[in-house]
Amino acid sequence: MAVNLKTKTVATRENRLGSITGYSGDLYDLAERSCCGSVKNRERCFSQSSTCLSGCAIGPLSGIRDAAIVYHAPAGCCAGVPGSTVLARQLATRIGKTNENMIVGSDLNEQDTVFGAIEALRNIIYTVRENYHPKAIFIASSCVSGVIGEDVDSLSDELQEEFGIPVVPIHCEGFKSRIWASGFDIGDHAVMSAIVKPPVEKKPMIVFKNFFESHRPQITEIFAELGVYPQFVYMNSTVEELSHLSEALATVCICGTLGTYLGNALEEQYGVPYIRTLNPSGIVGFETWLRKIGEVIGKTQEAETYIARERVIYVPQIEELAKQLAGLTAVIGMGPGYTYEVARVLQELGIKVVWAAAWHYDYQYDKNTESDKPDTPPSLDYLKAHSPHNIPLSVADQQNFEVLNILNTHKPDLYFSRHPGSTVWAIKQGVAALYVADEYMMFGYKGTLSFAKSILDTVRNRSFEKNLAAHVKLPYTQWWYQQDNKTMLKAEDA
Ligand code: SF4
């Protein structure tokens, strides 16, 4: 679907990419049905609560060091704000910078839901402007301001003219979408529509969309060998830097789910190529990713030189560890940008993936430049072509009760999740679990080696999960554990 930067809202992933949160089947079935467009969402009879998309819109934008976010919401919606703020400040300090970004809640109350609070919001924005002097202001909506119809669009237009800086609405009402990754797109849409300017001159720069940039020094070194530098977004970026994104040579991302909207929008609006390939996890992923970057920016030889030099150092060490990991079994539960990538890395390490759960699935992944048609995620295509066996798969928006059923059925050696709220339940059940918190945990050769060592540590000492499980009573009955995951969801047309 074409990006329309003239509108203040962006279509949800359900509407834009046909994304789903309910599926149970297997790798071959999902890949096959994605290609013919027959994947349909299956509803649940019962659902646990999930995550609000506003965190995925506001959290990344809080990394912009000189912007401010005013969240027109009740205090409860702001529960995640302290975490985002502290993290952004710490990550700025780590690179010797200061993050002045403010997230201010408008503290909507019951009276406001009846009479509205747009004037109060205006006054809050004046105060933010006066005290913090941001270079851009994002006005974020919530369920409450959305339901009562607060006109934040008109207020943004008015204040933008008055202040002479971007004042941008971000429509991240939580009820809009079950898929919290829609929040990433909403944040990107705001940046693209109000901050990024048309290019003046090309720069030897690659836009790198990521979360917490823990491998900033390593990536800067790798890119320097290709004669370019990374512009990380949004953590530790500035409004001025973002205004020049259109001057980049290419856009890459650490996670396809995170980067798809920005990458496609920059390509569509300004011709900046979006590199759609495996993410740089594991050996195959990293080499494929680096080669593709080299090809797009005309630095193929430099990429090959790097690969040849580094792989002789690390690949033998990784292979040695893989011998010790061979034969282990694993269940994965993560966002779709990582599920199929991690499955590939585990297979590289000789681990058998007995179940892979993704928190949602974008079955029209975004357009493929070669065919100009919707495409499946490259990581799913790769698995379909190379996995030594078919993998049972499910799609569930972090429904932990389903994860525990799967773990009880398959009794894997390991559970891998990128969300602590899921990892801890596996450990309580007595399953050794590795929390894949950092998006760079298996980045490149070094990351893959360190990831393999972490897995070995996790399986060698199982006393923590054994002790915890022995002292925790889980709320699940035998009846629940006997249910078959494939039959838990309603039929597609029910
Ligand atoms: S925006 Fe809606 S879903 Fe999100 S935290 Fe607030 S009330 Fe909950």
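Biologist: Which residues lie nearest the centre of the largest pocket?
Modeller: Keep in mind that this is a predicted model. The largest pocket has a volume of about 1100 Å³, and 43 residues line it. Those nearest its centre are Gly55, Cys56, Phe184, Phe211 and Phe212.

Biologist: And which helix gives the most to that lining of the largest pocket?
Modeller: Several helices chip in: α3 (54-61), α4 (81-94), α12, α15 (336-348) and α18 (420-428) each supply at least two residues of the lining. With six residues, the one that gives the most is α3.

Biologist: How many charged residues are there in the lining of the largest pocket?
Modeller: Nonpolar residues number 24 in this lining, and polar ones 17. That leaves the charged group, and its count is two.

Biologist: Where does the ligand sit, and which residues are around it?
Modeller: The ligand sits in the largest pocket. By class, its shell has four nonpolar and two polar residues, with no charged ones. The residues around the ligand are Cys52, Tyr71, Cys77, Ser142, Cys143 and Gly174.

Biologist: How many cavities of 30 Å³ or more are there, and what lines the second largest cavity?
Modeller: The count comes to two cavities of 30 Å³ or more. The second largest cavity holds about 30 Å³ of space. Its lining is made up of Cys56, Ala57, Pro60, Gly183, Phe184, Gly187, Asp188, Lys209 and Tyr234.

Biologist: Which helix supplies the largest share of the lining of the second largest cavity?
Modeller: By class, this lining has five nonpolar, two polar and two charged residues. Two helices, α3 and α9 (182-194), each supply at least two residues of it. The largest share is four residues, and it comes from α9.

Biologist: Tyr234 is in that lining, so to speak; which residue does a cis peptide bond join to Tyr234?
Modeller: Tyr234 lies in the loop between β7 (229-233) and α11 (239-243). The cis peptide bond has an omega of about -5°. The partner of Tyr234 in that bond is Val233.

Biologist: Is Pro230, in strand β7, buried or exposed?
Modeller: Pro230 has a relative accessibility of 11%. The cut-off for buried is under 20%, so Pro230 counts as buried.

Biologist: How many Å separate the C-alpha atoms of Pro230 and Gly335?
Modeller: Along the chain, Pro230 and Gly335 are 105 residues apart. In space, their C-alpha atoms are separated by 25 Å.

Biologist: What about helix α12: what span should its 15 residues have, and how far apart are its end C-alpha atoms?
Modeller: Helix α12 covers residues 256-270. At 1.5 Å a residue, its 15 residues should span 21 Å. That agrees with the model, because the end C-alpha atoms are 20 Å apart.

Biologist: How many of the residues of α12 are buried?
Modeller: Among the buried residues of α12 are Gly256, Leu258, Tyr261, Leu262 and Glu267. The helix is mostly covered, and of its 15 residues the buried count is 12.

Biologist: Which residue just after α12 takes a positive phi?
Modeller: Phi there is about 70°. The residue is Gly271.

Biologist: Now for the non-glycine cases. Is His133 buried or exposed?
Modeller: His133 has a positive phi near 50°, in a residue other than glycine. Its place is in the loop between α6 (118-132) and β4 (136-141). The relative accessible area of His133 is 55%, and the cut-off for exposed is over 50%, so His133 is exposed.

Biologist: And Glu213, buried or exposed?
Modeller: Glu213 is not a glycine either, yet it has a positive phi of about 45°. Its place is in the loop between β6 (205-209) and α10 (216-225). With a relative accessible area of 1%, Glu213 is buried.

Biologist: Last one: how many Å separate the C-alpha atoms of Ser49 and Asn400?
Modeller: Ser49 is in the loop between α2 (27-35) and α3, and at 67% relative accessibility it counts as exposed. Ser49 and Asn400 are 351 residues apart along the chain. Their C-alpha atoms are separated by 9.9 Å.

Terms used: Residues are numbered from 1 along each chain as its sequence is written. This is a predicted model: local features need pLDDT of at least 70, side-chain atom pairs count only at pLDDT 80 or more; totals for chains, interfaces and linings use all residues. Side-chain values use heavy atoms; hydrogens and water are left out. A residue is near a molecule or strand if one of its heavy atoms lies within 4 Å of it. On a 1 Å grid over the protein atoms alone, a cavity is a set of points where a 1.4 Å probe fits but cannot get out, and a pocket is an open set with protein on both sides within 12 Å along at least five of seven lines; lining residues have an atom within 4 Å of a point. A molecule sits in a cavity or pocket if more than half of its atoms lie within 2 Å of its grid points. Ala, Val, Leu, Ile, Met, Phe, Trp, Tyr, Cys and Pro count as nonpolar, Asp, Glu, Lys and Arg as charged, and the others, Gly among them, as polar. The expected span of a helix is 1.5 Å times one less than its number of residues. Buried means under 20% relative accessible area, exposed over 50%, partly exposed in between (1.4 Å probe, protein chains only). Grid points are joined across faces, edges and corners, and a volume is the space filled by probe spheres set on the points.
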